[in-house]
Amino acid sequence: MPHGGADLLLSERLAARRGMTMADECIFCRIGRKEVPSQPIYEDHDLIAVPDIQPAAPVHVLIIPKEHMVNLNDVGKNDVGILGKMLRLAAKIANEKGIAESGYRVVINNGEDGGQVVPHLHLHLLGGKPLNQKMG
Ligand code: 5GP
Ligand code: ZN
């Protein structure tokens with residue numbers, strides 16, 4: 001699709017107008033490239049995990065692939081390994097944070113109705129208190 005089409009997100013159109021790609025501007029890409037300060041809990045070649053800037057629970061960690069993918073709609077068959085790594089890392093961090101036994105929730109918000117605000121795939125790890133039982 002050509003740049004400027006209605007199919008692009010507003011943020012993508014603004015980035016394109018400045019001659020930058022979405023990945024140049026994307027806050028989670030920038031966290032992954034260490035262009036903005038964060039306190040990584042974990043990092044490897046594929047993933048970075050950081051505390052959420054506005055925690056919704058005593059433990060609220062974001063697990064972010066370094067590669068720019070908008071959400072699950074963007075995950076190709078070559079990327080499925082990353083999803084597995086994200087889930088395994090969630091369990092590992094839950095264990096390290098002492099909430100593996102008390103319980104926790106992992107959430108991936110996708111698109112507008114899913115409540116996704118940052119258009120770069122990420123997993124929320126939430127726990128450390130009884131979480132809201134309502135889903136949907
Ligand atoms: P979403 O609604 O897209 O699933 O969640 C985005 C999350 O990213 C929100 O919980 C928000 O607090 C968090 N967030 C947004 N900007 C930053 C940031 O610059 N650093 C960190 N650590 N978290 C952020
Ligand atoms: Zn990104």
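Start by selecting ligand 1 in this predicted model, where the shell around the ligand is made up, by class, of six nonpolar, five polar and one charged residues. To see that shell residue by residue, display the side chains of Ile27, Ser38, Val50, Asp52, Ile53 and Gln54, and then add Leu62, Asn109, Gly115, Gln116, Val117 and Val118, which together surround ligand 1.

Next, move to the largest nonpolar core, which has 21 residues, and pick out Ala49, Ile63, Ala90 and Leu125, the residues with the most contacts inside it. Colouring by element shows where this core comes from, since at least two of its residues are supplied by each of helix H3 (27-32), strand E2 (47-51), strand E3 (59-65), helix H4 (80-96) and strand E5 (123-127).

Now centre the view on Ala90 and, leaving aside its neighbours within four places in sequence, look for the residues in contact with Ala90, namely Ile63, Val106, Leu123 and Leu125.

From there, go to Lys34, which sits in the loop between H3 and strand E1 (42-43). The backbone deserves a look here, as the phi of Lys34 is near 65°, a positive value in a residue other than glycine. Is Lys34 buried or exposed? Lys34 counts as exposed because it has 11 C-beta neighbours inside 10 Å, and the cut-off for that class is 12 or fewer.

Finally, colour the protein chain by pLDDT, which averages 91, with 90% of the residues scoring at least 70. Select residues 1-5 for the last stop, and read their placement with care: the pLDDT is below 50 over this stretch, which has four contacts in the model beyond near neighbours in sequence.

Note on methods
Residues numbered from 1 in each chain as written. Chains lettered and ligands numbered in written order. Predicted model: local features only at pLDDT ≥ 70, side-chain atom pairs only at ≥ 80, totals over all residues. Core = buried A, V, L, I, M, F, W, Y, C linked by C-beta atoms within 7 Å. Buried ≥ 20, exposed ≤ 12 C-beta atoms within 10 Å, placed from the backbone. Helix = DSSP H or I, 4+ residues; strand = E, 2+ residues; numbered from the N terminus. Contact = placed C-beta atoms within 7 Å. Near = placed C-beta within 6 Å. Nonpolar A, V, L, I, M, F, W, Y, C, P; charged D, E, K, R; others polar. pLDDT = per-residue confidence, 0-100.
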